[in-house]
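Here are some short questions and answers for a first look. Have the sequence and the model open beside you.

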Amino acid sequence: MKIIQALLVGLFFASKTLASPATELFREASFYMSFHYHGYSSVKPEELSKSLGKQLEEACQPKGEACGFSDARPYIERFAQGMRDGHTYYLSPSTYRTTLSQFTGINPNPNPLYGMSFGNLNSRNEIAVLDVIADAPAFKAGIRPFDRIIGANGKRVTNLADLRSSLNTNAPVQLEILRGEATSPVRFETSLQRARLEKTNLPFLYQPPNAPAGVVALRIPTFVGSNDIAPKVHELVAQAQSQNAKTIIIDVRNNGGGEETECYGAASAFIGKAVNINETRLVRVNVGFDGGTFIGNDPKDLGRYEIAKPALWTGSVSVLVNSGTASCGELLAYLIQYAKRGMVIGESTVGVLDTATEFWQLVDQSALAITYVRTLNPDGTRVPERVTPDISARDDPNTAFESGRDPLFERAYKLP
């Protein structure tokens, strides 16, 4: 496939008069888009390429052969945006480098971190914790999503500036935390010290606020990784089983997606066989996992791995989604919903469930993400564009921070 593609690229450029670097870069991008795009957009790549290519030539005319890569990039970005497909977009050289490093699962930030993000203050000037990173100092100190920070080093903090000032140190910091209902919160103190994090993408298991006995939450913040997220999900499922948990609530709110093998592998911990069909312009292949056994990947990605210690959750399960759940985040929720394994709760998702994207690196080290796969159910029917929850509920973090009760978790608690 790669040899054939290289020959086709060579023939494509051989048929054109050599021009400026900008023109050659745009031609390369146009070839990849025209040859590989296989989404559902009604926009024809060839027509868009012709229009934008003409505009680029006019812009380059005063510069002649000095028209460089940087002159072409805005036109390539407009080309990708013009396809009107959420899975098709342009990455500058720096963005592409960062994205590739993220897919390794290695933290590209060399600075020490606490591993937590903050949200808005509530009416009582409590600082909300939006999310934490698995095994980061904040997580190890017992801080969890939707906790509220009210003090640092023995002093009351009522704004983000004061908190950031207290945290701007490599020395241990003592935080005062509130958790649960605003009328009767659990109050505790904890100490943490920032550290260099090797992994920032892993899921984690915890007991959400106000949860009934036997209910645990599995937070999966992203599927951007390489052979680490799905195995970790299986490990955490086994951990929940060892703790005699009865219900797992999977939280993929604001999970923007990532590597397909990770979301199929994670889903297999709940439904056993998690398999779909990937269709490109040329082939159809099976993709997914059966428990810990790899079945297939998308045609451009030859990577494969087995999950060494697969687990299978047999208790009850539900999935929380919102308007920020996209791509692989949508896929995990849909696989569980399609298998009738559990209920999906929350908001309609972004709407890139029915396709998959891959990167094509260009000669200037930038890249095009191109929708080149249509995702089909095992019977060959098209999967929906987005996940429609079984139970519709508005995801409003501010309500949770104000009341101490997360509406989506509260709805999940009521399921049998």
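Buried means under 20% relative accessible area, exposed means over 50%, and partly exposed lies in between (1.4 Å probe, protein chains only). This is a predicted model, in which local features need pLDDT of at least 70, side-chain atom pairs count only at pLDDT 80 or more, and totals for chains, interfaces and linings use all residues. Residues are numbered from 1 along each chain as its sequence is written, and side-chain values use heavy atoms, with hydrogens and water left out.

Q: Is E126 buried or exposed?
A: The class follows from the relative accessible area, with buried set at under 20%. E126 is buried because its value is 6%. The answer is buried.

Q: Which residue forms a salt bridge with E126?
A: A salt bridge is a side-chain nitrogen of Lys or Arg within 4 Å of a carboxyl oxygen of Asp or Glu. Here the closest N and O atoms are 3.1 Å apart. The partner is partly exposed, with a relative accessible area of 29%. That partner is R124.

Q: How many salt bridges does the count come to?
A: Side chains of opposite charge can pair when their charged atoms come close. Under the salt-bridge rule, the count comes to 22.

Q: How far apart along helix α8 are K232 and E235?
A: Helices are DSSP runs (H or I, at least four residues) and strands are DSSP runs (E, at least two), both numbered from the N terminus. K232 and E235 form a salt bridge, with closest N and O atoms 3.2 Å apart. K232 counts as buried at 15% relative accessibility, while E235 counts as partly exposed at 45%. Both lie in α8 (residues 229–242), about one turn of the helix apart, at a separation of 3 residues.

Q: Which residue meets the side chain of R284 in a salt bridge?
A: R284 counts as exposed, at 51% relative accessibility. Its partner is buried, with a relative accessible area of 15%. The N to O distance is 2.9 Å, and the partner is E279.

Q: Which residues do salt bridges that share partners join into one network?
A: The link is a shared partner. The network consists of D131, R219, D251, R253, D395 and D406.

Q: With which side chain does the side chain of D251 make a polar contact?
A: D251 lies in strand β10 (residues 247–251) and is buried, with a relative accessible area of 5%. A polar contact is a pair of N or O atoms within 3.5 Å; within protein, one must be able to donate a hydrogen and the other to accept it, and residues adjacent in sequence count only if both atoms are side-chain atoms. At 3.0 Å, the partner is R253.

Q: What residues does I391 contact, leaving aside its neighbours within four places in sequence?
A: I391 lies in strand β18 (residues 391–392) and counts as buried at 12% relative accessibility. Contact means heavy atoms within 4.5 Å. The residues are M343, V344, I345, G346, R411 and L415.

Q: How many residues of α9 are buried?
A: Helix α9 (residues 260–271) has 12 residues. It reaches 16 Å from first C-alpha to last, close to the expected 16 Å, where the expected span is 1.5 Å times one less than the number of residues. The buried residues include C263, Y264 and F270. The number buried is 11.

Q: Over how many bridges do β6 and β7 pair?
A: Two strands pair if DSSP finds at least two bridges between them. In β7, the bridge partner of I177 is F188. Strands β6 (residues 173–179) and β7 (residues 186–192) pair in the antiparallel sense, and the number of bridges is 7.

Q: How many aromatic pairs does the structure hold?
A: Rings of Phe, Tyr and Trp (its six-membered ring) pair if their centres lie within 6.5 Å; planes under 30 degrees apart count as stacked, over 60 as edge-to-face and the rest as tilted. The total is 13.

Q: What is the angle between the planes of F204 and Y206?
A: F204 is buried, at 2%, and Y206 counts as buried, at 6%. The rings are 5.6 Å apart, centre to centre. The pair is tilted, and the angle is 40 degrees.
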